[in-house]
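User: Could you take a close look at one helix for me, and at how it is held against its surroundings? Please spell out your cut-offs as you go.

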Amino acid sequence: MTTLTPQKPAIPQPGGDVTPAPEPRPAAPEPRPAPELLPAQDTAWRELVDAVREAGQYPTRSEAESVTRVVLSALGGHVVGDERVDLARALPEEAARVVASQIPATRSLTAAEFVDSVAARIEGATPATARWDVSSVLSVLPPLVGDELVTRILDQLPPGYALLFGRAELTPAA
């Protein structure tokens, strides 16, 4: 007499023999879309993070993405009005959400204070590493959003930010 278990149903064979059913195959994992099949916004976000990774020489994409989010969120609190709206429109969708979700700051920060505020948001950061992080993100924005918008943003911010965007800060002659 053959004993059958519910996990392995029997399959009748010619001649009256009964053999257990084969083990079921595990379900195949969901295929991930190839990078070229990702929506355009995901691709644009990936390109932004890759540009930051290259500019900052970050060892991993994850680190570059984290730094990008922190810096853009800090910037989002300090850019207001039409410039903030135009910046969000010019950025990839994910970056635009990061910028636009910030509550506007109640006071303007100097460039040094801005860098210090970023340092406070990144575990283990120093003012020097935070300056590197800020510059790595902000310096990739001009080719992405346009020099005209960057100029408008810089006009809104206190002196000292131009260097963070990779621009020389020119002061009028006395």
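Analyst: Here's a walk around helix H8 and its salt-bridge link to helix H3. This is a predicted model, so local features need pLDDT of at least 70, side-chain atom pairs count only at pLDDT 80 or more, and totals for chains, interfaces and linings use all residues. Residues are numbered from 1 along each chain as its sequence is written, and side-chain values use heavy atoms, leaving out hydrogens and water.

H8 covers residues 147-156; helices here are DSSP runs (H or I, at least four residues), numbered from the N terminus. Its buried residues are Leu149, Val150, Ile153 and Leu154, where buried means under 20% relative accessible area, exposed over 50% and partly exposed in between (1.4 Å probe, protein chains only). Looking down the axis of H8, those buried residues fit within an arc of 140°, so they line one face of the helix; the arc is taken from the directions from the helix axis to the C-beta atoms. Glu148 and Asp155 are exposed on the other side of H8. The cover over the buried residues includes helix H3 (81-90) and helix H7 (141-145).

H3 also reaches H8 through side chains: arginine 152 and glutamate 83 form a salt bridge at 3.3 Å, N to O (a side-chain nitrogen of Lys or Arg within 4 Å of a carboxyl oxygen of Asp or Glu). Arginine 152 sits in H8 and glutamate 83 in H3, so this pair ties together parts 69 residues apart in sequence. Arginine 152 is partly exposed at 22%, while glutamate 83 counts as buried at 17%.

Note on methods
Helices (H or I, at least four residues) and strands (E, at least two) are DSSP runs, numbered from the N terminus. Contact means heavy atoms within 4.5 Å.
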